[in-house]
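Reader: Could you take me through this structure and tell me how each label was earned?
Author: Sure, here it is.

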Amino acid sequence: MGPNPTVQTQDGFEARSLACRRAGRLVFEGLDFSLAPGQLLVLTGANGSGKSSLLRLAAGLLSPAGGALLRAGVDLAKDRDSHLADLHFVGHKNALKPTLSAAANLEFWARFLGDAGNVEQGLDAMGLGGLADLPAGELSAGQQRRLGLARLFLRPATLWLLDEPTVGLDQASRTRLADAMRRHLECGGMILAATHEDLGLSGGVLELERFAPRTALEEWL
Amino acid sequence: MRSILALLGRDVGLSWAAGGSTRLALAFFALTVTLFPFGVGPGAATLAKVAPGVVWVAALLASMLSLDRMFETDFEDGSLDLLAIGPLPLPLLVLVKTVAHWVSTALPLLVLAPVLAITLQLESTAYPALLASLVIGTPALSFIGAIGAALTTGLRRAGVLLSLIVLPLYVPVLIFATGAVDAARNGFDTAPHLMFLGAVTLVAVVVGCWAAAAALRLHLE
Amino acid sequence: MHKFANPTRFLKLAAAVFPWAAGLTIALFAAGLVMALVFSPDDYQQGSTVRIMYLHVPAAWMALFTYTVLAASGAASLIWKHPLADVAGKAAAPIGAMFTALALVTGMLWGEPMWGTWWVWDARLTSVLVLFFLYLGYMAVWDAIDNRATAGKAAAILAVVGFINVPIIKFSVDWWNTLHQPASVFRMDGPTIDASMLWPLGLMFGAFNAYFVTVLIWRIRAELQARRVRALEDLLVRQTERESAV
């Protein structure tokens, strides 16, 4: 149903003894993972264990407090731009303007990312074709989530970073999302997803609580 | 370039649409100016004397009132994350969003200002100077404002804090702008005033883009 | 761990300097005030009112100096990302605001007998008033942001931006003042200062500087200790959580 993203690179994404600090406090430290093309890694852990923080680090929104993230073997601190050009980040907010129509919302992101023309595909991929002209503010929570996820199909990108992608989705939409993710993986894509729910896909699991900080009195300044 | 136009179009469009800040800024501007004859009396000589200051202070406040939405709405709905990791470097992003703020709030004021100046009995010789000062000076308001808007993004009580940050920095703009209009009223040369005003605007553009980008980076962390 | 070492080293140094700075403050204030209020002569024009200058001039100067300290610590915080720079800025701001308020109040007290009014939109008074608002904005940013790392960086950005603006504001206010008062504006500092006035003024300058250093050290120490307490509390909470989990 959805489009097949064409994958540009065949290289992996990995973390080496990564540490993260938010609001002056260590969230996790010594975190390692490696993700090869075609692989899914599911992040699990209690609230506050740093799932969203890890995704924001991977998206380049945060800088590591220690360690490094490597894309195709290159440290993100050295080359952030080519990494950013080849990823999609879907946070827990949907980045929608309530007064704009569903199609106009997607169209903006398509044009901003520099690849106009895939709006229809995006809407169809998440089964939103019939709702294109409705203002995003009038859509239900689940429909808004689908519209947020539809950004994944606006342009091809190897790495998908998904924060609780299934929240608010009905069964049909979950299946649709799982299918799209499976196709993405089959084409050599990579997915890093934080979720509490079973995505219906096979992949590795990263338990974030294993990397909770052990330091006694860390930097108190 | 495509990204810049997309962002500019979206921001200006949202401001002009119902519920946006353009109409509010215009109404506020007109109302504030209208209050002054009630306060200082309807005498033509008094009104003409205070007209440059009144029009400028009202324009300044109208521009300031819409600042709090400059980054705040994008921050709240998650768009700011995606804009920050998009193809535009952060200072350029700030530049585009600030130009959008100027187009959607200051540009309409330019049209309304001469009409309001008529009601304040401003001498006809002062109109070119009034318009020139608004054209040259209002961008400085938007760019200085961007610093305040970025610093207060995501805070409670952002509005009051924003005005406390921004108003002292507006002092030079107000002085040179009203100085030019006053000079024209009294038959003096307006060029020195306008040149200093232009210099203030240039400094505001450079410092504004840098400082607002640095402040936004803080709030993305 | 370098961040742990630095404040410790600072605290050691501060503990050594503090009694000297405090003693110097008391001695200089005592000497300066006696010289200024008792031994210095009256001005032939201003009479005894001139004695207000011994407070006003150092206060106005310290107001600017402290803002420079804010901007310098702001720049240090942004460039070297050292949290001690943030702490220094946070500690210095209320002292600077106090100097600025003192300069304004003494300026008004001086203006009443000299100008016959408490307030004149004189270029200096107006610039100092704007500077006072800049201080208020800086302190408000610290108050408004809960996360102190973010608050420190935000305040640092504002201090640097404000510092770039101070000369522009000063210039524009001077410009505005000459436009609206083109005739002879009375200058507070005459072209020459008599040597009998120079001594008390010098002593008062020294006293204000020593006072600044003393209070700054005091406030930085208080802030560091508050942060240490909070870190220890956090640690305690974490340990109890871990034990209850086991």
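Reader: What makes the radius of gyration of chain A agree with a compact globule?
Author: The rule, applied to C-alpha atoms, is 2.2 Å times the number of residues to the power 0.38. For 221 residues that comes out near 17 Å, and chain A has 18 Å, so the two agree. Its C-alpha atoms fill a box of roughly 55 × 35 × 30 Å along the principal axes.

Reader: What kind of model is this, and how are things numbered?
Author: This is a predicted model, where local features need pLDDT of at least 70 and side-chain atom pairs count only at pLDDT 80 or more, while totals for chains, interfaces and linings use all residues. Residues are numbered from 1 along each chain as its sequence is written, chains are lettered from A and ligands numbered from 1 in written order, and side-chain values use heavy atoms, leaving out hydrogens and water.

Reader: Why are S2 and S5 of chain A said to stand at the edges?
Author: Strands are DSSP runs (E, at least two residues), and two of them pair if DSSP finds at least two bridges between them. The open antiparallel sheet runs S2-S1-S4-S5 in chain A. S2 (25–35) and S5 (74–75) of chain A each have a single partner strand, so one side of each lacks a neighbour in the sheet.

Reader: How do you know that S1 and S4 of chain A pair?
Author: They share five bridges, in the antiparallel sense, against the at least two required. Arg16(A), for instance, stands opposite Ala68(A) in S4(A).

Technical notes:
Helix = DSSP H or I, 4+ residues; strand = E, 2+ residues; numbered from the N terminus.
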